[in-house]
Amino acid sequence: MSVRDDASQTDVRMDDDPRLRPEREAVVGSAGRRRGPGRGERLMVPRAEFRSYYGLPVLNEPTWEAHDIAGYLFLGGLAGASSTLAAAAELTGRPHLARAGKVGAVCALGGSMYALIHDLGRPGRFVNMLRVLKVTSPMSVGTWILTVYGPQAGLAALTSVTGRFPRLGRIAALGAALTGPAVATYTAVLVSDTAVPVWHDAHRELPLLFAGSAVASAGALGLLAAPLEETGPARRAVLAGVVTEYAAAKLMERRLGPLVAEPLKRGRGGLLMRLGEALSLTGALVSQTAGRRGRGAAALAGAAVLAGSICVRFGVFQAGMASARDPKYTVEPQRARLDRADREESHP
């Protein structure tokens with residue numbers, strides 16, 4: 001029997017042969033690595049393909065329901081952008097477009113509040129969030145934004161419909177217009193402040209994507225509800241919103257990389273994203289051509305863009321849920337970051 005032991009290798013033989021067998025060679029060091037110039041890593045077994053922890057996913061999938069939270073994301077964006085468009089229409093002498101935006105905003109706000117409270121389970125939970133303002137919590141800040149925005153949007157719509165107290169209604173409309181952009185985009189910060197890979201890694205592009213989607217949907221509502229001669233700002237909002245939404249989506253996919261962006265291109269999320277993109281681009285094209293001359297074409301364009309915006313919000317939601325279910329979207333990017341850090345450490 002022969003035992004060979006040096007600084008890094010140990011071999012036990014029963015035949016008194018001191019030579020090491022190649023298949024028994026091992027590399028000892030931190031986590032099986034040897035760093036330094038000219039000293040690479042030798043793997044004795046294939047790298048493990050991590051899928052779960054004892055059959056469980058790495059992340060706890062959010063318990064949010066699509067019809068509640070995805071609907072909340074869409075309706076909140078529509079409300080905020082509609083208030084801003086309504087104020088612009090009122091200041092430029094387009095009363096029908098302004099009224100459509102104000103009424104549409106308060107209806108969308110009501111729907112989004114219902115979806116949020118339904119997801120929370122009890123209305124009291126929403127009220128409890130008003131007990132304190134926590135600036136580090138997107139949910140807390142968003143609750144206060146909605147609380148400030150809601151009464152102004154409601155007052156603006158009420159005075160517009162009744163025709164009473166026009167000066168007070170104009171002040172309320174301007175206040176809602178100023179807080180509208182925050183209402184339209186804070187939900188992007190809310191979902192990206194999670195561990196869900198698609199949402200978290202897209203924290204730079206999601207606010208821009210949600211802003212574009214919100215502006216496009218507000219313009220689409222104006223095309224549906226306002227007379228043709230007043231739809232100029234709505235058409236411009238549709239064009240600007242769709243272009244912004246499309247550019248942000250492509251930038252987001254590119255920065256996420258082929259792996260993490262996969263749920264945005266495949267499965268239910270990918271299908272909804274492609275459908276939303278096609279509807280929005282088609283609607284924007286029609287709004288800038290036939291939609292300028294015919295009321296029917298303008299309404300058709302508005303319906304297409306509105307449906308496209310809904311598909312995009314639901315697509316982002318479904319893609320995020322898919323990325324939370326599959327551990328590879330969490331583990332493999334982390335491995336890539338660790339490998340990159342090792343390479344930088346080895347070659348400063």
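**Group meeting: a walk through a helical model**

Okay, let's start with contacts: of those in the protein with a separation of 6 or more, 70% are between residues 24 or more positions apart. Keep in mind that this is a predicted model. Buried residues make up 44% of the 348 residues. As for the outside, the protein exposes about 18,200 Å², and carbon and sulfur atoms supply 61% of that.

So what is it built from? There are 11 helices and 2 strands. Going from the N terminus, you meet the elements in the order β-β-α-α-α-α-α-α-α-α-α-α-α.

Let me pick two helices. Helix α2 covers residues 95-120, and its end C-alpha atoms are 37 Å apart. Why does that agree with what you'd expect? Because at 1.5 Å a residue, its 26 residues should span 38 Å. Right after α2 comes G121, with a positive phi near 100 degrees.

Then there's helix α4, residues 138-162. The helix has 25 residues and reaches 36 Å from first C-alpha to last, close to the 36 Å expected. Still, α4 bends by about 25 degrees at Y149, and a proline, P151, follows within four residues. P151 itself lies in α4. Is P151 buried or exposed? Exposed, because its relative accessible area is 54%, and the cut-off for exposed is over 50%. P151 also sits 9.3 Å from V106, C-alpha to C-alpha, although the two are 45 residues apart in sequence.

Now look just past the end of α4. G163 follows the helix, and its phi is positive, near 80 degrees. Next stop is F165, in the loop between α4 and α5. F165 isn't a glycine, yet it has a positive phi of about 50 degrees. Why bring that up? Because most residues other than glycine have a negative phi. F165 is also exposed, with a relative accessible area of 56%.

F165 has company, too: together with L155, L158 and L168, it forms a nonpolar patch on the surface, with about 380 Å² of accessible area between the four. L168 is in helix α5, residues 166-192, and counts as partly exposed because its relative accessibility is 42%.

Last topic, charges. How many salt bridges does the structure hold? The count is 6. I'll show you three of them.

One is K102 with E90, where the closest N and O atoms are 2.3 Å apart. This pair links distant parts of the chain, with K102 in helix α2 and E90 in helix α1 (residues 66-91), 12 residues apart. K102 counts as buried because its relative accessible area is 8%.

Another is E205 with R255, the closest N and O atoms being 2.6 Å apart. Here E205 is in the loop between α6 and α7, R255 is in helix α8 (residues 232-260), and 50 residues separate them. E205 is buried at 5% relative accessibility, while R255, at 34%, is partly exposed.

And then K328 meets E262, side chain to side chain, at 3.1 Å, N to O. K328 is in helix α11 and E262 in the loop between α8 and α9, 66 residues apart. E262 is buried, with a relative accessible area of 15%. One more thing on salt bridges: those that share partners join E90, K102 and R170 into one network.

Definitions and conventions. Residues numbered from 1 in each chain as written. Heavy atoms only, no water. Patch = residues over 30% accessible without salt bridge, like charges linked within 9 Å, V, L, I, M, F, W, Y side chains within 5 Å. Areas by Shrake-Rupley, 256 points an atom, 1.4 Å probe, with all protein chains shown as cover. Buried < 20%, exposed > 50% of the residue type's maximum accessible area, 1.4 Å probe, protein only. Expected span 1.5 Å × (residues − 1). Bend = angle between axes of the 7 residues up to and from the residue. Contact = heavy atoms within 4.5 Å.
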